[in-house]
Amino acid sequence: LFTAGLANVNFMLCDGLTSGLPSASFDAVVSVESSEHMQDKPAFFAEVSRLLRPGGRLVVAAWLSREQPSASESKYLLEPICVEGRLPSMASASEYEGMLGAAGFRNIEFQDLTLNVRKTWSVCALRCLTRISSNQVLRQRILDPAFSNRVFAKAVLRIWLAYRTGSMRYGLFSARKSGGEYSEESRRR
């Protein structure tokens, strides 16, 4: 069982934009590769801010676009990745920082993890190509227009290229909800 040994953990399925959970009821919120899927990212960060107690921490790991991508990067890489990956949009690090600030977060820190993540997509692209070329059933499935997830095979290759060219980045944000005082010990967590 996934929750074995975690008696104080509850898993809930909620809407990221309107969770219905009580305000100021959490000390921390973690979002791993999910903010990209939010239709309205500013509303998502406002909801997270509402859920956090003053001084609460938010950590976000996210796919990002480069700052000011070119028209060709947007047209041939980023926009198709969004469509194929079912993302409404991909924002840059500075856009995330702006949205976080507007939602009432302070002490915003950003760590660029692109070089580490880029390696993963090289492995994924190679494995994808190897499997498709060596597995006839998989090849037929990918070529079947009725198979709705077949577009993600193209996305894997585009994502690999977007990381290789610098069109995509991967970042880790950490921020605190403004208001309230928090101790030096809380700051180190």
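I looked up D27 for accessibility first; in this predicted model, D27 has 52% relative accessibility and counts as exposed. The cut-off for exposed is over 50%, so D27 passes it at 52%.

Next I looked for the partner of D27. D27 makes a salt bridge with R53, and the closest N and O atoms lie 2.9 Å apart. I checked where the two residues sit: D27 is in strand β1 (residues 26-32) and R53 in strand β2 (residues 52-65). They are 26 residues apart, and the pair links distant parts of the chain. R53 has 33% relative accessibility and is noted as partly exposed.

I then took R66. Its salt bridge is with E73, at 2.8 Å between the closest N and O atoms. R66 comes out as partly exposed, at 27% relative accessible area. For E73 I found 13% relative accessibility; buried means under 20%, so E73 counts as buried.

The next entry is E67. The side chains of E67 and R169 form a salt bridge, 4.0 Å from N to O. I placed E67 in the loop between β2 and α2 (71-84) and R169 in strand β4 (residues 168-177). This pair also links distant parts of the chain, with the two positions 102 residues apart in numbering. E67 is partly exposed at 34% relative accessible area, whereas R169 is buried at 18% relative accessibility.

I followed E67 and R169 further and found D112 with them: E67, D112 and R169 are linked in a network of salt bridges.

Last, I noted the total: the structure holds six salt bridges, among them D27 with R53, R66 with E73 and E67 with R169.

Key. Residues are numbered from 1 along each chain as its sequence is written. This is a predicted model: local features need pLDDT of at least 70, side-chain atom pairs count only at pLDDT 80 or more; totals for chains, interfaces and linings use all residues. Side-chain values use heavy atoms; hydrogens and water are left out. Helices (H or I, at least four residues) and strands (E, at least two) are DSSP runs, numbered from the N terminus. Buried means under 20% relative accessible area, exposed over 50%, partly exposed in between (1.4 Å probe, protein chains only).
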